[in-house]
Amino acid sequence: MAPEQVRSRKYTVDKKKHEAKEKAGSRDLHSKAPFSVKIPAAYLFLAPAMLAIAVFFFIPVAAAFIISFTDFDIYALSSFSNLRFIALKNYLRIFNDPLFYRALKNTFYFVIGAGPLSIAVSLGAAMLLNSPMVRLKGLFRLFYFIPVVTTLVAVAVVWRFIYHPRFGILNYLLGFLSVNPIDWLGDPDWAMPAIILMAVWKNFGYNMIIFIAGLQNIPEYLYEAAVLEGAGWWHRFKSITLPMLAPTTIFVGIITMIGYFQLFAEPYVMTQGGPLNRTLSIVQYMYEEGFRWWNMGYSAALAFVLFFIIFAAALLQLRFQKDVE
């Protein structure tokens, strides 16, 4: 056989072997494709937390949403055959319920009264503690933060004594100003302001810590330049502190508003919603309907109405902040 024929046959054989290997590799690749999918490590780390959130948050929320369209009550607890689908009747009942409007009015009164006051007190305390002239800052921060971690029952006992119409220290101090004793928790006009004052005192320490962190992020050279140009305290506060604290203020405002819309423990412990339902909040009304009168369907509908109110208020606040900026 001629050398050219040998090389040609060898080339043909090698080419066939190469094509056979490619086909085999392709078959192996297709056969292994279903088992070669790699799950990113981040998903594996997130899976336990996402599973817990799904089980303890999304599923209960979905169940509550379904219950809000039923007449779920104590009879349905004994047998689900007593459970009936009533569509939007719970929601229609809410908008014809005078007690709901009373609770809604009280809640807005609390949010509008306590929210700005709490932010102002928190910011003032943070600025005082951030001043270089203040000594023992750690001690003062601890002292102001103690009410946040103190149990509400203990706080309520102390404040009920402070508000006592005959023996309370507040009326005693007002007596020096010739002010007649006030029945703080028994007078319908004074009950909510008394709860607002207690709530602001108990909660301002949390926002104060956030404001201190925001103040410490403001560059010191801005104040130094303002002082060199002769700017006073008010101008430095208005032109440097407030604009630089805008993101912190937005965050504090939103979390404070959301927390205050869920007012429950303070009036429940201090006044039980009285007098004359003047301190009844939406959450307390929801609790009364759900766990006292066992109207779980109506209580769930109240919860979702409150959710949409908070959602709308948060969007409105964000829009307002953007307009200001």
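## Helix α7: buried and exposed residues

In this predicted model, helix α7 spans residues 152-162, and Leu152, Val155, Ala156, Trp159 and Ile162 are buried within that helix. These five residues lie on the same side of α7, because they cover an arc of only 115° around the axis.

The other side of α7 carries Val153, Val157 and Phe161, which are exposed. The cover over the buried residues of α7 includes α8 (169-175), α9 (191-216) and α13 (265-270).

## The loop between α8 and α9

Helix α8, part of the cover over the buried residues of α7, is followed by a loop leading to α9, and Ser178 lies in that loop. Although Ser178 is not a glycine, its phi is positive, at about 60°.

Is Ser178 buried or exposed? The relative accessible area of Ser178 is 67%. Residues count as exposed when this value is over 50%, and Ser178 is therefore exposed.

## The loop between α5 and α6

A positive phi also occurs at Leu136, a residue other than glycine, where the angle is near 55°. Leu136 is located in the loop that runs between α5 (98-130) and α6 (137-149). With a relative accessibility of 60%, Leu136 counts as exposed.

## The loop between α13 and α14

Helix α13 is another element that covers buried residues of α7. The loop between α13 and α14 (282-292) contains Pro275. The peptide bond joining Gly274 and Pro275 is cis, with omega at about -10°.

## The protein as a whole

The secondary structure consists of 15 helices and 0 strands. The protein has 325 residues, of which 34% count as buried; Trp159 in α7 is one of the buried residues.

Which share of the contacts with a separation of 6 or more is made by residues 24 or more positions apart? Such residues account for 66% of these contacts in the protein.

The exposed area of the protein is about 21,200 Å². Carbon and sulfur atoms supply 69% of that area. Among the exposed residues are Val153, Val157 and Phe161 of α7, Leu136 in the loop between α5 and α6, and Ser178 in the loop between α8 and α9.

Key:
Residues numbered from 1 in each chain as written. Predicted model: local features only at pLDDT ≥ 70, side-chain atom pairs only at ≥ 80, totals over all residues. Heavy atoms only, no water. Buried < 20%, exposed > 50% of the residue type's maximum accessible area, 1.4 Å probe, protein only. Helix = DSSP H or I, 4+ residues; strand = E, 2+ residues; numbered from the N terminus. Arc of directions from axis to C-beta. Contact = heavy atoms within 4.5 Å. Areas by Shrake-Rupley, 256 points an atom, 1.4 Å probe, with all protein chains shown as cover.
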